[in-house]
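Q: Could you take a close look at one part of this structure for me, the open sheet, and then walk me through how it fits with the rest of the chain? I would enjoy one connected answer.

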Amino acid sequence: MTTKTMTQEIPDTGISGLYEVMIGVENANHAKKYFGDFGFKVVDSSSFSAKDAKKLYGVNSKLTSYRLQNGDIDSHGLLRILEWEKPLGDGIGYAPVETIGTRIAVMRTNDIFRLYDIYQTAREVGKKPWLPTEPVADDLFGLNTGERDFFNRPVIVRENAVYGEFFNHIFFQRYGYKIPGYGTIKEDTPLKTSEFTHHDFVINATSLEQISYLSSALGLQAEDKPAIDGDWLKGPKRVFQMEPGYSHWYQGFVSPNNICGKMKFFIPRGDKTNKSAKQRIGEKGITLHSFYTPKLKMVHKLVSEHELNPTQILKNEFGENAFVFKDTAGISWQIIEKTEPTKNTPIQELEFKLTN
């Protein structure tokens with residue numbers, strides 16, 4: 001069975017929304033504490049010998065991994081902390097905005113200005129390098145109609161980015177609408193934040209055609225044709241710190257099986273520092289992302305046919321059947337086999353519900 005999006009045949013792989021973002025860290029205890037304030041708790045942990053890590057990840061180092069989940073959301077938006085005994089390097093680290101190789105994880109919040117104040121204070125005291133952008137409001141979805149006043153209130157999303165040494169965030173807060181299944185916040189979460197809803201990739205590519213395998217091999221749907229975003233758009237201008245006259249190519253992909261766990265890919269249209277070589281598995285920072293599927297052998301075959309050189313199907317550190325591959329744009333993926341449904345049922349139909 002196949003479905004057709006744009007002009008491309010999409011195989012029915014049963015692919016998930018993006019399941020995990022994986023981050024190499026120097027101190028797993030610090031990372032667990034940091035992400036704990038965003039509502040993430042350890043749901044599994046395991047170790048991998050250097051021999052096994054070399055086979056699956058290409059890294060000759062013992063690995064201790066922690067899988068973290070936000071609340072009850074186990075279908076997408078998880079975090080995996082990778083503590084390498086012998087990391088390959090410091091990764092991209094604190095870098096200028098839109099450095100090629102940069103990865104950013106996005107989550108919903110109920111209090112974006114509180115988060116901005118926290119990171120701005122941390123920046124000012126100089127304890128850690130953080131660059132928070134000021135929250136900006138925009139009507140991203142064209143939901144505002146008619147004249148707006150006190151009673152006909154704006155329907156908007158407010159967002160900002162926080163660029164850091166070991167992790168990059170984008171936060172967004174909704175005003176006047178809800179999207180069921182897209183960002184679930186538990187009230188007792190200290191920073192009032194959800195699971196990761198989507199992920200940004202600044203990639204080392206000359207064309208977005210280089211990631212077309214996301215549809216033809218993995219079974220993801222392109223949201224639209226590649227487009228150009230630029231300094232004329234309020235949100236991207238602020239979040240990506242765009243100078244006048246600057247723009248980038250953009251394309252989004254989403255699973256047909258989950259509105260959440262979306263991916264956004266960017267190619268800068270101008271001179272940007274290229275640190276994609278420091279984005280390899282085994283470095284510190286965000287180096288790897290995962291999906292799951294009940295049809296692992298099928299996806300492995302399709303990835304192989306695209307000449308993307310996947311590893312053999314092996315057991316990962318959690319005992320799951322999986323394989324790893326890296327594409328020509330510098331993105332590394334782990335595809336995991338899951339045959340049982342998740343406890344949280346993913347939402348498949350995007351629905352906007354006005355609340356004001």
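A: Happy to. In this predicted model, the open sheet is built from eight strands, and their order across it is β4-β5-β6-β3-β18-β21-β20-β19. The pairing in this sheet is mixed. Its two edges are β4, residues 40-48, and β19, residues 314-315, each of which has a pairing partner on one side only.

Let us start at the β19 edge. Here β19 runs antiparallel to β20, residues 321-326, and two bridges connect them. If you want a spot to click on, K315 sits opposite N321 of β20.

Now move across to β6, which covers residues 78-84. How many of its seven residues are buried? The count is six, so to speak of β6 as mostly covered is fair, taking buried as under 20% relative accessible area. In the strand order, β6 stands between β5 and β3, and the two neighbours pair with β6 in opposite senses: β3 (residues 20-24) is parallel to β6, with five bridges, while β5 (residues 63-70) is antiparallel to β6, with six bridges. Two residue pairs help to fix the register. On the β3 side, M22 has R80 of β6 as its bridge partner; on the β5 side, S65 faces L82 of β6. As you step along, keep in mind that side chains in a regular strand alternate between the two faces of the sheet.

Another covered strand to set beside β6 is β11, residues 168-175, where seven of the eight residues are buried. Strand β11 also has a parallel and an antiparallel partner: β7 (residues 103-109) runs parallel to β11 through four bridges, and β10 (residues 156-164) runs antiparallel to β11 through eight bridges. For the register, look at A105, whose bridge partner in β11 is H169, and at R158, which is matched with Q173 of β11. Strands β10 and β11 make a hairpin, with three residues between them.

From there, W130 is a good next stop. This tryptophan lies in strand β8, residues 130-132. Is W130 buried or exposed? W130 is buried, because its relative accessible area is 8%, below the 20% cut-off. Leaving aside residues up to four places away in sequence, the contacts of W130 include Y34, Y94, Y119, R123 and F166. Also among them are V162, Y163 and G164. Take Y94 as an example: Y94 and W130 are 36 residues apart along the chain, and their C-alpha atoms are 7.9 Å apart.

Finally, zoom out to the whole chain. The protein chain holds six helices and 22 strands. Its radius of gyration is 20 Å, close to the 21 Å that the globule rule gives for 356 residues, so the chain is as compact as a globular protein of that length. The C-alpha trace extends over about 65 × 50 × 45 Å along its principal axes. Buried residues make up 54% of the 356. Among contacts with a separation of 6 or more, 71% come from residues 24 or more positions apart. The accessible surface is about 16,100 Å², with carbon and sulfur atoms contributing 49% of it. As for charge, there are 44 positive and 44 negative side chains, and the centres of these two sets are 4 Å apart.

Conventions
Residues numbered from 1 in each chain as written. Predicted model: local features only at pLDDT ≥ 70, side-chain atom pairs only at ≥ 80, totals over all residues. Heavy atoms only, no water. Rg over C-alpha atoms; globule rule 2.2 N^0.38 Å. Buried < 20%, exposed > 50% of the residue type's maximum accessible area, 1.4 Å probe, protein only. Contact = heavy atoms within 4.5 Å. Areas by Shrake-Rupley, 256 points an atom, 1.4 Å probe, with all protein chains shown as cover. Lys, Arg positive; Asp, Glu negative; His and termini not counted. Charge placed at Lys NZ, Arg CZ, Asp CG, Glu CD. Pairing = 2+ DSSP bridges.
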